[in-house]
Amino acid sequence: MTDYPRTKIASGGPYEDVVGYSRVVVAGPLAFVAGTTASSDGSPIPETCGEQARQTVEIMRKKLSQAGFSLDEVVRVRMFVVDIKRDWQEVSKVMNEYFADIRPVMTMR
């Protein structure tokens, strides 16, 4: 197994030190992003699921950029939607705005 140097990028969230995780870990040519929600840096959580999806992707985009990556390099997305029957179309519309040309594997639950 190759021993890649690891770079850890924090979000500054209160749980990183309590739980012991990083927002992004870069290992060699790969970046791994922790589960991300629409809450960040004290900003209010948007009301609609579409706005929450957009804010979540923007948080990930910024952290990936800090690590030297872009959304164009994303290969997998997993989303957890509270009421999938009600909200899947609104969330999907936002995800399509970001990933239509990138087309990573994607799961919505």
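This report describes two helices, the charged pairs and a few single residues of a predicted model.

## Helix α2

Helix α2 covers residues 49–66. At 1.5 Å a residue, its 18 residues should span 26 Å, and the end C-alpha atoms are 26 Å apart, which agrees with that expectation.

The buried residues of α2 are Cys49, Gly50, Ala53, Thr56, Val57, Ile59, Met60, Lys63 and Leu64. The cover over these residues includes the strands β1 (6–9), β2 and β3 (30–33), together with helix α3. Just after α2, glycine 68 takes a positive phi of about 90°.

## Glutamine 55

Glutamine 55 also belongs to helix α2. Its relative accessible area is 22%, so glutamine 55 is partly exposed. Beyond its neighbours within four places in sequence, glutamine 55 is in contact with Ala38, Ser43, Pro44 and Pro46. For alanine 38, the C-alpha atom is separated from that of glutamine 55 by 5.3 Å, although the two residues are 17 residues apart along the chain.

## Helix α3

Helix α3 runs over residues 84–99, and its end C-alpha atoms span only 19 Å, where a straight helix of 16 residues would span 22 Å. A bend of about 25° is found in α3 at glutamate 90.

Asp87, Val91, Val94, Met95, Tyr98 and Phe99 are buried in this helix. Among the elements that cover them are α2, β4 (76–79) and β5 (105–108). Helices α2 and α3 thus appear in each other's cover: α3 is listed for the buried residues of α2, and α2 for those of α3.

## The aromatic pair

The model has one aromatic pair. Tyrosine 98 and phenylalanine 99 form this pair, which is tilted, with 6.5 Å centre to centre and 45° between the planes. Both tyrosine 98 and phenylalanine 99 are buried.

## Salt bridges

Side chains of opposite charge can pair when their charged atoms come close. Four salt bridges are counted in the model. One of them joins arginine 54 to glutamate 97, with the closest N and O atoms 2.7 Å apart. Arginine 54 lies in helix α2 and glutamate 97 in helix α3, so this pair ties together parts that are 43 residues apart in sequence. Arginine 54 is partly exposed, at a relative accessible area of 33%, and glutamate 97 is also partly exposed, at 46%.

A salt bridge within α2 links arginine 61 and glutamate 58. The closest N and O atoms of this pair are 2.8 Å apart. The two residues are three residues apart in the helix, so about one helical turn separates them. Arginine 61 counts as partly exposed at 34% relative accessibility, as does glutamate 58 at 22%.

Arginine 86 forms a salt bridge with aspartate 87, the closest N and O atoms being 2.8 Å apart. Arginine 86 is exposed, with a relative accessible area of 59%, whereas aspartate 87 is buried, at 8% relative accessibility. A network of salt bridges links Asp83, Arg86 and Asp87.

## Arginine 23

Arginine 23 sits in the loop between α1 (15–20) and β2 (24–27). This residue is buried yet has no salt bridge. The nearest side chain of opposite charge is that of glutamate 16, 4.7 Å away. A salt bridge requires a side-chain nitrogen of Lys or Arg within 4 Å of a carboxyl oxygen, so the pair does not count as one.

Leaving aside neighbours within four places in sequence, the contacts of arginine 23 are Ile9, Ala10, Ser11, Glu16, Phe32, Val33, Ala34, Gly35, Thr36 and Lys63. Among these, Lys63 is one of the buried residues of α2.

## Arginine 103

Most residues other than glycine have a negative phi. Arginine 103 has a positive phi of about 55° although it is not a glycine. Arginine 103 is found in the loop between α3 and β5 and is exposed, with a relative accessible area of 66%.

Notes
Residues are numbered from 1 along each chain as its sequence is written. This is a predicted model: local features need pLDDT of at least 70, side-chain atom pairs count only at pLDDT 80 or more; totals for chains, interfaces and linings use all residues. Side-chain values use heavy atoms; hydrogens and water are left out. Helices (H or I, at least four residues) and strands (E, at least two) are DSSP runs, numbered from the N terminus. The expected span of a helix is 1.5 Å times one less than its number of residues. The bend at a residue is the angle between axes fitted to the seven residues ending there and the seven starting there. Buried means under 20% relative accessible area, exposed over 50%, partly exposed in between (1.4 Å probe, protein chains only). Contact means heavy atoms within 4.5 Å. Lys and Arg count as positive and Asp and Glu as negative; His and the chain ends are not counted. Rings of Phe, Tyr and Trp (its six-membered ring) pair if their centres lie within 6.5 Å; planes under 30 degrees apart count as stacked, over 60 as edge-to-face and the rest as tilted.
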